[in-house]
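Here is a quick tour of one model, taken a piece at a time. Have the viewer open and follow along.

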Amino acid sequence: MSDKLSTFLESGVYRFENPNAVFIDPVRVLNRSYTRFRVSPSAYYPRFFESKQDSRVSSSTSRKRKRKEKKPQALNDREKVAERRHQEARPLLLKAHECLLRATDLLEVMSNLRRDFDSLRECGDLSLPDVPQQSFIELGRVWQTPLYEITLNFHQHEKLIAGGSLIMQNSEESVLPVFNNLVLNETGNDVEAEFLNSPYVMPRESCFYMSDIGQIHNLIPAEPGRGFNLIVVDPPWENGSARQKSREKLRGFVEKELFPTWGVRYVATFYWLKVKADGSMINDLDLFHHRPYECLMLGYCHRESVDSECLPKFKPVQDGQIIVSIPGDYSRKPPVGGLLLEYVPGFKPTRCLELFAREMNSGWTSWGNEPLRFQELRYFIRDR
């Protein structure tokens with residue numbers, strides 16, 4: 001086994017010979033946040049692990065779909081800009097994809113990421129009855145919203161001391177408002193929680209604030225210097241088609257309006273390239289409204305009040321880096337925050353915030369109207 005593959009199996013990050021491209025397994029990356037639970041590979045990867053027979057059916061359907069496609073229309077000005085950006089990114093994406101196809105050791109492992117036997121041998125399956133999930137968005141809009149509570153169960157732990165004596169540490173239970181409130185797990189272990197009779201898991205040293213956009217100001221710290229070093233923002237879109245068609249409009253808004261308003265200086269664009277378990281891209285690279293990649297824009301917020309001499313040196317950001325992964329459930333983004341930490345200036349440990357989050361990570365504050373979306377127990381397996 002190569003050193004690269006060994007490191008990947010441990011960390012979830014595979015670094016190609018091209019220093020500007022990496023492959024990540026979100027399951028392994030997320031599992032670094034947990035102590036008593038593991039993210040279920042089969043629950044994370046519901047797509048893109050089709051059999052050869054399924055692939056033939058899919059290809060046949062795709063051919064039929066292509067015959068029904070309308071003749072290409074002339075691009076408008078915004079679409080022309082988007083196409084120009086695509087042509088700039090295209091060679092970078094192709095080079096990263098070629099690196100993946102040459103990494104034969106990684107390709108062999110990729111086909112089994114959904115059924116990770118090594119993990120399943122050590123963990124108990126927590127599959128639950130197929131019941132509808134809570135709609136946090138709807139619950140956050142009703143008059144009962146302030147009354148909803150979440151129960152955190154801090155379980156007792158067994159501890160052996162010298163001489164073989166066994167000490168039982170008492171368990172604790174905490175009941176807190178689940179909406180418009182900062183809910184914290186400051187312990188070094190995962191915490192099981194319950195909300196409306198459904199079980200959830202909070203990773204160690206994490207917190208969430210579940211609210212609509214009107215309450216986001218409550219995350220602003222009262223004391224100077226207690227803000228966040230790293231903020232990841234992924235605004236929701238109503239549907240995939242709208243997202244694809246509005247990509248250039250969104251980019252223009254971020255570069256020309258949002259970043260200047262926040263005092264942020266744009267520095268680089270990363271790309272998330274989506275592939276299937278066999279290494280192929282999920283769509284043709286040049287399919288205009290359904291391209292197999294998304295953009296991640298990076299910027300620095302400069303504050304004159306910060307003493308630059310107190311800031312540790314950090315790695316400069318190189319534009320055009322590629323993050324390759326197999327997509328999870330619909331609208332579930334890979335956990336790229338850990339890859340960004342080496343570029344973050346400021347004091348350590350880094351204080352991290354994800355806006356519009358749909359899951360939680362250790363060391364992060366997760367804000368959104370459904371940050372518990374993928375924290376339900378059905379998405380996990382328990383260590384035995």
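## Helix H1 and its two sides

Asp3 and Glu10 are exposed on one side of helix H1. This is a predicted model, by the way. The helix covers residues 3–11, and its buried residues are Leu5, Phe8 and Ser11. Look down the axis of H1 and those buried residues sit within an arc of 145°, so they line one face of the helix.

What lies over that buried face? The cover for the buried residues of H1 includes strands S1 and S2, along with helix H2 (26–31) and helix H6 (104–110). Right after H1 comes Gly12, with a positive phi near 85°.

## Strand S2 and its partners

Two of the elements covering H1, S1 and S2, also pair with each other. S1 takes in residues 13–15 and runs antiparallel to S2, with three bridges joining them. Together they make a hairpin, with five residues in between. If you want a spot to check the register, Arg15 stands opposite Val22 in S2.

S2 also pairs with strand S16 (residues 322–325), this time in the parallel sense and again over three bridges. Here Ala21 has Ile322 of S16 as its bridge partner.

Which way do the side chains of S2 point? Ala21 and Phe23 go one way, Val22 and Ile24 go the other, and all of them are buried. That fits the usual pattern, because side chains in a regular strand alternate between the two faces of the sheet.

## A nonpolar patch with Trp262

Now for the surface. Ile231, Val233 and Trp262 make a nonpolar patch of about 260 Å². Trp262 belongs to helix H10, which covers residues 247–262.

Is Trp262 buried or partly exposed? Its relative accessible area is 42%, and the partly exposed class lies between the 20% and 50% cut-offs, so Trp262 counts as partly exposed.

## Asp212 and a long-range neighbour

Asp212 is in the loop that links strand S12 (206–210) to strand S13 (230–233). With a relative accessibility of 47%, Asp212 counts as partly exposed, because that value falls short of the over 50% needed for exposed.

Which residue, 156 positions away along the chain, has its C-alpha atom 6.7 Å from that of Asp212? The residue is Gly368.

Definitions and conventions
Residues are numbered from 1 along each chain as its sequence is written. This is a predicted model: local features need pLDDT of at least 70, side-chain atom pairs count only at pLDDT 80 or more; totals for chains, interfaces and linings use all residues. Side-chain values use heavy atoms; hydrogens and water are left out. Buried means under 20% relative accessible area, exposed over 50%, partly exposed in between (1.4 Å probe, protein chains only). Helices (H or I, at least four residues) and strands (E, at least two) are DSSP runs, numbered from the N terminus. Two strands pair if DSSP finds at least two bridges between them. Patches are made of residues with over 30% relative accessible area and no salt bridge: like charges are joined within 9 Å, nonpolar side chains (Val, Leu, Ile, Met, Phe, Trp, Tyr) within 5 Å. Accessible areas come from the Shrake-Rupley method with a 1.4 Å probe; for residues, only the protein chains shown count as cover. A salt bridge is a side-chain nitrogen of Lys or Arg within 4 Å of a carboxyl oxygen of Asp or Glu. The arc is that of the directions from the helix axis to the C-beta atoms. Contact means heavy atoms within 4.5 Å.
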